[in-house]
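The following exercises are to be worked with the sequence and the coordinates at hand. Please attempt each task before reading its solution.

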Amino acid sequence: MNYGNYKKIAEESGYSPATVSRLLNNDPNLSITADTKNKILEIANKLGYWKDHQEKKIRPTIALLYRVNHEEQLQDEYFTSLKNALISTVEKEALQMKTFYEIDDLIKNASLFQGFIGIGAAPIENKKLKQLHKILPNGVFVDTNPDPELFDSIRPNLELTVKNAIDLFFKKGYEKIGFIGGVGPKHDGIQEIDRRASTFAEYLKARGKNNNYMFVEGPFSVENGYQLGKKVTAKCKNKFPQAFLIASDTLAVGVLQAFNEEGINIPKETAILSINNSNVVKYVFPPLSSYNIDQQEMIDMALSMLINLIIKPDRAHIDVNMNTKLVIRKSFIPKEDK
């Protein structure tokens with residue numbers, strides 16, 4: 001776009017062509033308010049600037065909506081890692097970002113930002129999400145998405161992860177397979193079924209097996225994992241499943257403690273696969289085989305999706321699933337391909 005076209009954006013936005021040019025060319029020394037940046041970008045979108053300049057990047061001012069309840073240390077560590085990855089990337093990309101811990105605070109300050117990234121699993125009321133969308137529609141949630149109709153998201157492909165775990169168990173020759181999971185928080189009073197549990201039940205059925213060994217209740221916490229582990233040992237006794245998929249490392253740490261107390265030999269008596277690959281699973285006994293979620297890649301994709309949404313605000317919302325990768329340790333070693 002030449003100077004004359006910058007002038008068109010300047011005339012409609014009410015700012016000088018020089019300011020417009022410096023913003024759209026990412027001048028690092030340009031100092032303007034968020035309102036000014038919002039207005040210029042809005043007019044640039046309206047006049048089709050990005051259609052002819054798709055190779056250009058913008059450096060938006062963004063917010064982080066960080067929603068954790070601080071009730072479970074290991075789960076908090078997972079979201080803290082996502083937050084730290086975002087902060088590091090924002091600094092590397094020379095972006096400006098402010099963190100909000102309550103959605104009401106972000107709503108009050110929404111005019112200062114071009115978009116936001118959401119991290120954490122604490123529940124949000126639908127009416128609050130709709131209020132936020134009205135004034136700050138450009139948002140991407142990482143790992144969760146409380147309202148896919150309003151906002152974009154990047155999430156781990158938990159359905160494929162569960163299916164892969166079941167396939168690996170069957171390939172190893174295990175016929176009797178169990179699942180240990182929790183229930184997530186209610187959203188607007190509705191308790192949604194955890195995707196890992198529902199996929200496990202459906203895929204076992206599709207493979208012609210029963211799901212008699214599913215233990216799903218309570219929060220995703222170490223303490224609840226311990227209690228579920230005790231229930232498993234009490235119910236199964238001499239008919240223990242040959243393998244368990246556990247929905248998260250947080251639960252798995254508690255389950256391991258319960259199994260070890262009951263003298264269950266892992267993986268000789270029952271193998272265990274978990275999900276998340278948090279730092280602690282390397283140090284429990286035995287070390288857990290767990291599906292790794294590439295947090296840095298999710299953050300990189302979230303920022304890319306957000307910037308794309310800012311320059312194409314009318315595009316359809318997207319919900320992207322990113323595959324996980326199994327990290328093999330002693331709790332389960334898959335059968336090698338021949």
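Conventions come first, followed by five exercises with solutions.

**Conventions**

This is a predicted model, in which local features need pLDDT of at least 70 and side-chain atom pairs count only at pLDDT 80 or more, while totals for chains, interfaces and linings use all residues. Residues are numbered from 1 along each chain as its sequence is written, and side-chain values use heavy atoms, with hydrogens and water left out.

**Exercise 1. Overall description**

Task: State how many helices and strands the protein chain has, and what percentage of its residues count as buried.

Solution. Step 1: Helices (H or I, at least four residues) and strands (E, at least two) are taken as DSSP runs, numbered from the N terminus. On this basis the protein chain has eleven helices and twelve strands.

Step 2: A residue is buried under 20% relative accessible area, exposed over 50%, and partly exposed in between (1.4 Å probe, protein chains only). Of the 338 residues of the protein chain, 51% are buried.

Step 3: A contact means heavy atoms within 4.5 Å. Among contacts in the protein chain with a separation of 6 or more, 71% come from residues 24 or more positions apart.

**Exercise 2. The nonpolar cores**

Task: Identify which members of the largest nonpolar core touch the most other members, and which helix gives the most to this core.

Solution. Step 1: A nonpolar core is a set of buried Ala, Val, Leu, Ile, Met, Phe, Trp, Tyr and Cys residues joined through side-chain atoms within 4.5 Å.

Step 2: The largest such core has 82 residues, and those that touch the most other members are I117, I119, V142, I180, L245 and F259. Helix α11, residues 295–311, gives the most to this core, with eight residues. Another core, of 16 residues, lies apart from it and includes L65, F113, F116 and L136.

Step 3: Take L245 as an example. Leaving out residues up to four places away in sequence, L245 touches V162, A165, F169, G178, F179, I180, F200, L273 and I275.

**Exercise 3. Helix α11**

Task: Compare the expected span of α11 with the distance between its end C-alpha atoms, and determine which residue caps its N-terminal end.

Solution. Step 1: The expected span of a helix is 1.5 Å times one less than its number of residues. For the 17 residues of α11 this gives 24 Å; the end C-alpha atoms are 25 Å apart, which agrees.

Step 2: The cap is D294, with a side-chain oxygen 3.4 Å from the backbone nitrogen of Q296.

Step 3: The buried residues of α11 include M298, I299, L303 and L306. Q295 also lies in α11, and Q295 counts as buried because its relative accessible area is 18%. Beyond residues up to four places away in sequence, Q295 touches Y78, S81 and L82.

**Exercise 4. Strands around β3**

Task: Establish which strands pair with β3, and what the handedness of the crossover from β3 to β4 is.

Solution. Step 1: Two strands pair if DSSP finds at least two bridges between them. Strand β1 (residues 61–67) pairs with β3 in the parallel sense over six bridges, and R67 has G120 in β3 as its bridge partner.

Step 2: Strand β4 (residues 139–142) runs parallel to β3 and is joined to it by four bridges. The bridge partner of G118 in β4 is F141.

Step 3: A crossover is right-handed if, with the strands pointing away from the viewer, the path from the first strand over the helix to the second runs clockwise. The chain passes from β3 through helix α6 (residues 126–135) to β4, and this β-α-β crossover is right-handed.

Step 4: Strand β3 spans residues 115–120, and six of its six residues are buried.

**Exercise 5. Backbone particulars**

Task: Locate the cis peptide bonds at P267 and P286, and explain why D143 and N276 count as buried.

Solution. Step 1: The bond from I266 to P267 is cis, with omega near 10 degrees; P267 is in the loop between α10 (249–261) and β9 (271–276). The bond joining F285 and P286 is also cis, with omega about -10 degrees, and P286 lies in the loop between β9 and β10 (289–292).

Step 2: D143, in the loop between β4 and β5 (152–156), has a positive phi near 80 degrees. D143 counts as buried because its relative accessible area is 14%.

Step 3: N276, in strand β9, has a positive phi near 125 degrees. N276 counts as buried because its relative accessible area is 17%.

Technical notes. Polar contact = N/O pair within 3.5 Å; in protein donor to acceptor, adjacent residues only side chain to side chain.
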